[in-house]
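Biologist: Please take a close look at a single side chain in this model and its charged partner, and then work outward from there into the surrounding fold. I would like the reasoning behind each burial label to be spelled out.

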Amino acid sequence: MAKQSKRYRALAEKVPADALTLKDAIVLLKSFNTTKFDQTVEIAMRLGIDPKQADQLVRGALVLPHGIGKIQRVIVFAKGDNVAVAKEAGADEVGAEDLAKKIKDGWLDFDVCIATPDMMGLVGPLGRVLGPRGLMPSPRAGTVTPDVARVVKEYKAGKVEFRNDPTGIVHAVVGRLGFESDKLEDNIRAFVDHINGLKPQAAKGTYVRSVNLSATMSPGVQVAL
């Protein structure tokens with residue numbers, strides 16, 4: 001375990017043992033904004049699913065009401081008319097074989113990778129590089145699409161992807177500590193509502209078992225939702 005700083009330990013002492021309302025949790029979390037940069041706020045939801053069962057996986061993407069406070073770098077694998085369409089929509093880089101070679105050579109300076117369906121034969125072999133980093137285009141996440149303009153604009157507007165980890169926890173960025181409290185609350189509620197709507201039919205018992213909020217350099221706060 002990494003050694004915790006004196007600052008972190010002091011902040012952790014302020015976190016109550018019991019879960020807080022969302023409003024109170026946000027107030028407490030924002031009081032931890034003592035760094036020189038605007039910390040990213042993340043949510044972690046522990047779900048009552050069996051991650052080993054394919055019919056209980058929770059995965060998807062959504063556009064948060066107020067974005068995530070970061071301009072995401074988006075690349076697109078496309079050809080023909082879709083090249084101009086993607087660039088006009090705001091893609092940072094668009095290409096085909098040239099872009100694939102660049103990635104194979106080690107370039108990964110982007111946050112989102114989108115591909116049109118006809119480019120997956122080229123993109124597929126990049127799975128070994130993109131997959132472990134969560135960058136591989138996927139139909140389920142909506143990043144394999146013929147409508148590149150819409151998807152590029154969504155990610156530029158603050159769309160976030162998520163999938164449960166091997167322990168059944170879903171993590172996602174929901175904003176920055178510098179956001180106004182009501183905007184953070186809107187984003188968090190939108191994410192929680194979205195996850196609730198994805199409950200697998202095969203999941204038994206309590207679906208959402210716990211919800212925690214944390215920031216880049218701050219302790220987690222349990223939320224009662």
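Modeller: The place to start is K159, which counts as buried because its relative accessible area is 9%, and the cut-off for that label is under 20%. This is a predicted model, and the values that follow are computed from it. The side chain of K159 is paired with that of E154 in a salt bridge, with 2.8 Å between the closest N and O atoms. In general, side chains of opposite charge can pair when their charged atoms come close. The partner, E154, is itself one of the buried residues of helix α7, which runs over residues 148-156. Besides E154, the buried residues of this helix are V148, A149, V151, V152 and Y155. Together they pack against strands β2 (59-63), β3 (74-77), β5 (112-115) and β6 (159-163), and also against helix α3 (81-89). Between the helix and the lysine, just after α7, comes G158, whose phi is positive at about 115°.

Two further salt bridges can be set beside this one. The side chains of K101 and D105 come together with an N to O distance of 2.8 Å, but K101 and D105 are both exposed, whereas K159 is buried. In helix α8 (residues 181-196), R189 and E185 are four residues apart, about one turn of the helix, and their side chains form a salt bridge at 3.1 Å, N to O. The labels of these two partners are not alike: E185 counts as buried because its relative accessibility is 12%, while R189, with a relative accessible area of 39%, is partly exposed. Elsewhere, K70, R73, D109 and D111 are joined into one network by salt bridges that share partners. The total comes to 11 salt bridges, in a chain that carries 32 positive and 26 negative side chains, with the centres of the two sets 6 Å apart.

Helix α8 also holds I195, which counts as buried because its relative accessible area is 0%. Setting aside residues within four places in sequence, I195 contacts M45, L47, V58, F162, V170 and Y207. Of these, L47 is 148 residues away in sequence, yet the two C-alpha atoms are 9.5 Å apart. Two of the contacts of I195, namely M45 and L47, fall within the residue range of strand β1 (residues 40-47), and F162, another contact, falls within the range of β6 (159-163), the strand range that also includes K159.

Beyond α8, L198 sits in the loop leading to β8 (208-215). This residue counts as partly exposed because its relative accessibility is 30%. Not counting residues up to four places away in sequence, L198 touches V58, R59, F162 and Y207. V58, F162 and Y207 appear in the contacts of I195 as well. A long separation along the chain appears here too, since L198 and Q56 are 142 residues apart in sequence and 9.7 Å apart from C-alpha to C-alpha.

Within strand β1, I43 is buried because its relative accessible area is 1%. With neighbours within four places in sequence left aside, the contacts of I43 include I188, F191 and V192, whose numbers fall within the range of α8 (residues 181-196), and V211, N212 and L213, whose numbers fall within that of β8 (208-215). The other contacts of I43 are V170, H171, A172 and V174. As for its relation to α7, I43 and V152 are 109 residues apart in sequence and 24 Å apart in space, C-alpha to C-alpha.

These local views belong to a chain with eight helices and nine strands. Among contacts with a separation of 6 or more, 74% link residues 24 or more positions apart, and buried residues make up 43% of the 225 residues. The radius of gyration is 19 Å, which agrees with the value near 17 Å for a compact globule of 225 residues, and the C-alpha trace spans about 55 × 45 × 35 Å along its principal axes. The accessible surface comes to about 11800 Å², with carbon and sulfur atoms contributing 51%.

Definitions and conventions:
Residues numbered from 1 in each chain as written. Predicted model: local features only at pLDDT ≥ 70, side-chain atom pairs only at ≥ 80, totals over all residues. Heavy atoms only, no water. Helix = DSSP H or I, 4+ residues; strand = E, 2+ residues; numbered from the N terminus. Rg over C-alpha atoms; globule rule 2.2 N^0.38 Å. Buried < 20%, exposed > 50% of the residue type's maximum accessible area, 1.4 Å probe, protein only. Contact = heavy atoms within 4.5 Å. Areas by Shrake-Rupley, 256 points an atom, 1.4 Å probe, with all protein chains shown as cover. Lys, Arg positive; Asp, Glu negative; His and termini not counted. Charge placed at Lys NZ, Arg CZ, Asp CG, Glu CD. Salt bridge = Lys/Arg side-chain N within 4 Å of Asp/Glu carboxyl O.
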